[in-house]
Each structure stands twice: as C-alpha cells, then as structure tokens.
Amino acid sequence: MSYRPSVIVYTIVLRAYGQVGKIKLTEQTFLEMLEAGCEPDEVACGTMLCTYARWGRHKAMQSFYSAVQERGITLSTAVYNFMLSSLQKKSLHEKVIDLWRQMVDKGVAPDRFTYTVVIHSLVKGGLCEEAFKAFDEMKKLEFVPEEATYSLLISSHTKDGKWQDALNLYEDMRSRGIVPSNYTCASLLTLYYKNEDYSQALSLFTEMERNKIAVDEVIYGLLIRIYGKLGLYEDAQRTFEEIDQLGLLSDEKTYLAMAQVHLNSGNAKRALDIIEMMKSRDIWFSRFAYIVSLQCYVMSENLDAAEVTFQALAKTGLPDSGSCNDMLRLYIKLNLTGRAKKFIVQLREDQIAFDEELYRTVVRIYCKEGMLEDIGQLTKEMVTNDSYKDNKFIQTFFKAICGEPLRHQKVKGNVASNQLDSTALGYLLRLYLECKDFNNLEEILKLLLETAGSMSVLTQLISNFLKEGDLSNVKALNDQVVRLGCSVDDATIASIIGIYGKEQKLKQAQDIFTAVADSPTCGKLIYNSMIDAYIKCGKPEAAYSLYKEAFKKGHDLGAIAISKVVYSLTTSGKHQEAKEMIHLSFQDNLELDTVAYNTFIKAMLEAGKLNFATSIYEHMLSKGVSPSIQTYNTLISVYGRGRKLDKAVEMFNLAHSSGMTLDEKAYMNLICYYGKA
C-alpha cells in the first residue's frame, strides 16, 4: 500500500486511547510514531500531556513535560490549562505555581480559565499578594473573574483583617452583575460580625433573601451570633429553632454559638439546655465544646459538673488559660480558697502557660493568703515573656517584690507613679496587710495615693474586707490612710462605722467617726451611720446629741434619721427629748415623709401627750403629706385613749372612705375603745 505514516493520524489514535484511559497503548503508539520516523509536534505532545493529566498520572506527566521542554516545543494554553487543573484537583498547589511560572516564562498567553486556576492555588499556597497581582492582570486583559474567584479573594482579605479591601472586591463583583454565592455571603457576614457592623450584616441577609441565595447552616450560625451581639436573644433563639426545623442543624459550631449567646445574656440554664441537646443527639464534642460547657457550669455554679468537664478538657491537651481562670473564679465565688490553692499548684506542675487574666486571678489569691514567695516566683517567670515587658500590672509586681523597695527606686528615678498600676498596688496592700509588714504597707500606700484612681482601689479593698468580716484589716488600713492625712470616701467610712455599730463595738465606731468629724468632707452618710451606731448600741441620747450637732453644721440628715432618733428616744423612755426633736423639725420646716409623721404620732401617744399627737396629724395635713393606714390606726388609739370616741370613729370612717384596706388592727382598736366606753 502507498500509505505513509503521518503525525496527524498518530495524534488521532493517541487522543482516542487517551480519552478511554488506555495509557499503556497510548505510550506504545507514541513510541511507534517515533520509530516510524514521525517527529511529534506540539499537538501530539499536548495530547500525551492531556492524557496524563486527565488520568492523574502526574509523575509521568512531569517527566514527559521535561522532555518536551528539551525539544523546544511550545505548548498551547489549553494544554497548560489541562495540566494546571489536574494538579490543582489533587491540591498540588506548589506544582501548579511552578508550572504557571514556566508558562509565563515561555510567553504562553493565559486565558480566563488559567487565571481562575492559578489564583486559587496562589491563595491556597499562601501567596496572596501574587494572587491579587494575577487578579489585576486578569481584569486588565478584560477577563471577567468568576464568582468563585471573587469569593476566594474576599475570604482571604477577611481572614487577614483587610476589611475595606474585601468590601471593595464585593462592590466590584456586584457592579459586574455577579450574584454572590452563600460562601461569599458567609465571608462578608463574618467581616461585618468582626467589625461590629451589624446593620450591614442584617442588610446583607435581607439581600440574600431577595436574590433567593440559599442560606446554609454556617450563615444561620453567624446570624445567631449577630443577634446575640445586638442583645436580640429571643431572635437568636427563634433562628436556632428555625434551623432545627429545616433539618440543617448538624454542626457543633451552631449549637455552641447559641449556647454562647445565652451565656452572654446571663442565662446559664438555657445555655446548658443547648449543651444537653448536643449530648442527646450524639454531637461530637470538640475541645471548644468542652470550653463552652465549662463556662456554662461555672456561671450556674455547678462545681461537680465543672470539675468533670475540666478533666474531660484536660484529656484533649493542656487546658487553656481562660478555662483555668474560669475554674479559679468559681472556687473564689464559692469561697473554696483551699481548693483554689491546690488547683494553682496543679497548674504550676502541668506548666500551664499563664496569660495576664490568669496571672491576675492567681495573684489575687496569693495576696489574700499572704503568699509572698509564690508571687515572686510566678512574677519572675511572667516577666521572661517579652510580650509582658510593657504590662503595667505585671511590671508593678515585679518592681515591688523582685527588686529593691519601690520608694528607693522612685528616689533614684527608676520608677514613676504613672508607671505603676493602681490595681496591682491595691493587691500589694492586701498582701502586706496579711503578712503584717507595715513598713512595706505604708510605702505602697504612699505610692498608691499618688496614682490616679487610688480612692476607688482603697474603697474596693476595704469593701472586700467588710464583706469578709475582717474588721482588723479594715482598721489597720484605715489607720494608715488617716496617718497619711487622707481619707476614703464617705460611703466606705459609713460602712465601717455601720459594721462596728452592728457588732456593738461603739468605741471603734467613735474612733473612725472622730478621725473624720472635723473634715469638711464629712457629710450626711457618715453622720447617719454614726447615729445608727449609737442607736444600735443603746445610746439614744448620744444619737440625739449628734443629730443636733449635725443640724447646727447645716446637714439635713433626712426624714429617716429623724424617725430613728425619735423612735429610739421613745423606746428608751426619753419622751421629753423626743418631743423636743419633733418641735425642732417643725420649726426648721424639715421635709418629712409619712413614716416620720407616723413615728412622731406614735411617740407622743406612748408619751401620753395626746394633744400634741393630734397637732402632729394636723401639721402633717397642712404640709400635704398623705396619711397611711398606720396613721389612722395610731390616731384611733390617740382619740380612744383621750375618750374622744366620736373622733376615733371619724378616723376609722376617714380611712375607709379614702379607699384604704382596713386591717385587723383598725377594727380591734375601735372595738376595744367601744368596749371601754
């Protein structure tokens, strides 16, 4: 036959074998073509490369590609696309990028598909800047990027915190009439959530509904978080229930998002309900699920469940500092200091990495327990971390405990008051109080008084001592403050006096009051508290005397103070003094309430000064103060005892006609006086 072998015919056969995956026959045919003296051209070589690419024979493909390069054959864009796509399907992004660079070096013009594949691999390979450069080239060549390409780049910008760049890309995409996918919308919602731009997030969600973009579980989860941030807790719960009804609820992250929303609203019970739902549906618990569960049990103060959950968390690896802090805070809240200290020892043995919050909590416990050496050791370890070199709280402890005395450092100019943390100084005050180290206590107190916010720190510390009933430390600290010529705020001093009064420690209360009595800042709160202390300690005359002293100084102590003093004088049989005080309040037109008038009337009833009691009632009416049922009950007794039965009946009827609910006492009073009459 006159047939002569032809590259074209062999290429057709190569393509046929390649399409059905006959790799071995393809290779044999190619060798036969060479033996027949046919020089393979770019089409034949491209066909072989496409066959290898189609069937994922990447090693053979790359070897053949190297041989083609040596022969100086230039391949078409379509062949490169075939190879690039095949490598990318196997996530061989580095090889995609290498091949792309060779393609560019050879001068082969990329098309829209080439850019789409390459941009994807550049992003996945962490070469985002190069990806955006390729994206710009693509647009300059007037290739319209696919939605998936925009989506990938928007996601990349979002992860890198380049929010404005991500939004610019989105606007560019919308200007080309490209409808975003739910994946793109998820990236944008994440961006809006992190940027706290919740109105834009809800607007995007509305746009999705308008464009009938499918809403998946990821987007619903983001919407739940956004509702939570806006305080729309019920909307978040309804969205969660809607996901469940649609059969989309499967991801642990969605359950945990709902649980966290409940936690943020302070509703530990509903958060725990979500955790129990996860368990009942056999949802796999990740490390994060244990962390959220622990937060739920800590908030609900369920110690046993919290400890079991913490142990489960520990089995997944070393617990995070936040979870350790949660456990410590629970021990503190339940006043389990011993267990807290054992827990800290375990953390130290496990070499848990402390963050600032965990350090603060541990130091707070150490200071309360006077554990000076432990604080020093932990602080030395913390300052070895460069990230804490500018942390004022940690550095204050380091300078105070691990160096020479702070006062000496200040004299030398090594430390200034504005370099110290006032909260840390407050903790140090507690430490030195517990250690009975009054020299260091005074030194720290002087430094604290030079810092901003010193009074709030002192107030908080004294308040803590008062809650714990630790009056010895209250006195020691307050004495030091007074010695330095300062004073804590009125409310704190009043609280100290109040505690001493409650415990019948009148002398200590008087000492505190005397130390501030001449101060121009000594006001209503302190006087009222001291009056209260006198009354509780059975000294009504002293209370009356102090009331008059305060009145002379221009202090209006209010109706409650007057009522208390009058009542205490009356119950002690000091009726004349009670009458004087009532006259005094009338003369000076003090603003009295119903309770005060009731106290006055009852006091004069018990004193037998019935006419004065009725005049008090008339004064009450003239001042426009409304009587109560207690007022009428007392007046029935006043008129009844004065044998003015008609006036007693008048008071009874007046109470009834004014719409008040008459109690048993009103009926019994009137029955009693009818009987006596």
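1. Helix H35 is mostly covered, with 10 of its 14 residues buried. The model is a predicted one, and this helix is a convenient place to start reading it. The buried positions are Thr594, Ala596, Tyr597, Asn598, Thr599, Phe600, Ile601, Ala603, Met604 and Leu605. Their cover includes helix H33 (558-571), helix H34 (575-587), H36 and H37.

2. On geometry, H35 spans residues 594-607 and reaches 20 Å from its first C-alpha to its last, close to the 20 Å expected at 1.5 Å a residue. Just after the helix, Gly608 takes a positive phi of about 80°.

3. Leu610 belongs to the next helix, H36 (residues 610-622). Its relative accessibility is 19%, so Leu610 counts as buried, the cut-off being under 20%. Leaving aside neighbours within four places in sequence, Leu610 is in contact with Met604, Leu605, Val638, Arg641 and Gly642. Of these partners, Met604 and Leu605 are among the buried residues of H35. Gly642 is 32 residues away from Leu610 along the chain, yet their C-alpha atoms are separated by 6.9 Å.

4. Lys623 sits in the loop between H36 and H37. Is Lys623 buried or exposed? With a relative accessibility of 46%, Lys623 falls in between and counts as partly exposed. Outside the four-place window in sequence, Lys623 is in contact with Asn589 and Tyr597. Tyr597 is itself one of the buried residues of H35. For a sense of distance across the model, Lys623 and Phe354 are 65 Å apart in space, C-alpha to C-alpha, with their positions 269 residues apart in sequence.

5. Arg643 is in the loop between helix H37 (629-641) and helix H38 (645-657). Phi of Arg643 is positive, near 60°, in a residue other than glycine. Arg643 counts as exposed because its relative accessibility is 75%. For context, most residues other than glycine have a negative phi.

6. Asn335 gives a second case of this kind. Asn335 is not a glycine, but has a positive phi of about 60°. Where is Asn335 placed? The residue is in the loop between helix H19 (321-333) and helix H20 (337-349). A relative accessibility of 56% means that Asn335 counts as exposed.

7. Helix H26 covers residues 438-449, 12 residues in total. From first C-alpha to last, H26 reaches 16 Å, close to the 16 Å expected at 1.5 Å a residue. The buried residues of H26 are Leu441, Glu443, Ile444, Leu445, Leu447 and Leu448. A colleague checking this list may wish to look at Glu443, which is among the buried positions.

8. Thr459 lies in helix H27 (residues 454-468). Which residues does Thr459 touch, not counting those up to four places away in sequence? They are Asp489 and Thr492. Thr459 is buried, since its relative accessible area is 16%.

9. Phe205 is placed in helix H12 (residues 198-210). The relative accessible area of Phe205 is 11%, and the residue is therefore buried. Not counting residues up to four places away in sequence, Phe205 touches Val215, Ile219, Tyr220 and Leu223. Val215 is 10 residues from Phe205 along the chain, and the two C-alpha atoms are separated by 8.9 Å.

10. Turning to the whole chain, the protein has 39 helices and zero strands. Its radius of gyration is 42 Å, well over the 26 Å that the globule rule gives for 677 residues, so the protein is more spread out than a compact globule. The C-alpha atoms fill a box of roughly 150 × 70 × 45 Å along the principal axes.

11. How much of the protein is buried? Buried residues make up 47% of the 677 residues. Among contacts with a separation of 6 or more, 62% are accounted for by residues 24 or more positions apart.

12. The protein exposes about 33,900 Å², and carbon and sulfur atoms supply 50% of that area. There are 78 positive and 84 negative charges, and their mean positions are 3 Å apart.

Notes: Residues numbered from 1 in each chain as written. Predicted model: local features only at pLDDT ≥ 70, side-chain atom pairs only at ≥ 80, totals over all residues. Heavy atoms only, no water. Helix = DSSP H or I, 4+ residues; strand = E, 2+ residues; numbered from the N terminus. Rg over C-alpha atoms; globule rule 2.2 N^0.38 Å. Buried < 20%, exposed > 50% of the residue type's maximum accessible area, 1.4 Å probe, protein only. Contact = heavy atoms within 4.5 Å. Areas by Shrake-Rupley, 256 points an atom, 1.4 Å probe, with all protein chains shown as cover. Lys, Arg positive; Asp, Glu negative; His and termini not counted. Charge placed at Lys NZ, Arg CZ, Asp CG, Glu CD. Expected span 1.5 Å × (residues − 1).
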